[in-house]
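Student: Got a minute to go through this model with me? I'd like to start with the cysteines and then move on to a helix.
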Amino acid sequence: MSFDMPALLTTLKTRFGDAILGTVEFRGQHTVRIARDSNVAILTFLRDDPAAKFEVLADVTCVDSLKLNPTMAAEYTERFAVVYQLTSHTHNVRLRVKAYVPEDPCEIASVSGLWHSALWGEREAYDFFGVIFKGHPDLKRILMPDDYEGHPLRKDYPLKGRGERDNFPKYQTSAPRR
């Protein structure tokens, strides 16, 4: 039995109504655009429904549309899009889900309760873009110092930085490197 992506997309539109903002297919890759307030319900359905069975969250990341060209930016209803890359091993298909997040309040519900793989991806999106994942059990910076101000992958972040390189502590080792 082959997987029927158009039927799944129709089911999503019927079941979730206005929370499904649109669907796009480009070169065989399907994207579902959703409202941020429905991300947990929609992603739970995609994980648990036998017709979908997206068991794996391969990645969660973020896109800042602030300086996208007008053609690309037209799909963005808000400044940020949290992007979930889903995989179904059962059906051997992939699906991209984009949830749009405004600049203020820059927050969305965490899906770490659905997939443990969301833990690090959500922390990375928080660290670099400033998106707050409500309900995340340990939302903190993972690559930038704890006292670092700003989020370096936001498009309004200065290309040359804010002089923070001069403020990073200098690390000295007591033993010579080998």
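Student: How many disulfides does the count come to?
Tutor: The count is 0 disulfides. Keep in mind that this is a predicted model.
Student: Why no bond for Cys62?
Tutor: Because the closest cysteine sulfur, in Cys106, is 6.8 Å from the sulfur of Cys62, which is too far for a bond. A disulfide here needs the two sulfur atoms within 2.5 Å.
Student: And are those two cysteines buried or exposed?
Tutor: Cys62 is buried, with a relative accessible area of 6%. Cys106 is buried too, at 9%.
Student: OK, switching to H1. Where is it, and how many residues does it have?
Tutor: Helix H1 covers residues 5-16, so 12 residues by the DSSP run. From its first C-alpha to its last it reaches 16 Å, close to the 16 Å expected at 1.5 Å a residue.
Student: Which residues of H1 are buried?
Tutor: Met5, Leu8, Leu9, Leu12 and Phe16. Looking down the axis of H1, these fall within an arc of 100°, so they line one face of the helix.
Student: What do the buried residues pack against?
Tutor: They pack against strands E1 (20-26), E2 (29-35) and E5 (93-101), plus helix H2 (39-48).
Student: What's on the face turned away from the buried side?
Tutor: That face of H1 carries the exposed residues Pro6 and Thr14.
Student: And which residue comes just after H1 with a positive phi?
Tutor: That's Gly17, with a phi of about 55°.

How values were computed
Residues numbered from 1 in each chain as written. Predicted model: local features only at pLDDT ≥ 70, side-chain atom pairs only at ≥ 80, totals over all residues. Heavy atoms only, no water. Buried < 20%, exposed > 50% of the residue type's maximum accessible area, 1.4 Å probe, protein only. Helix = DSSP H or I, 4+ residues; strand = E, 2+ residues; numbered from the N terminus. Expected span 1.5 Å × (residues − 1). Arc of directions from axis to C-beta. Contact = heavy atoms within 4.5 Å.
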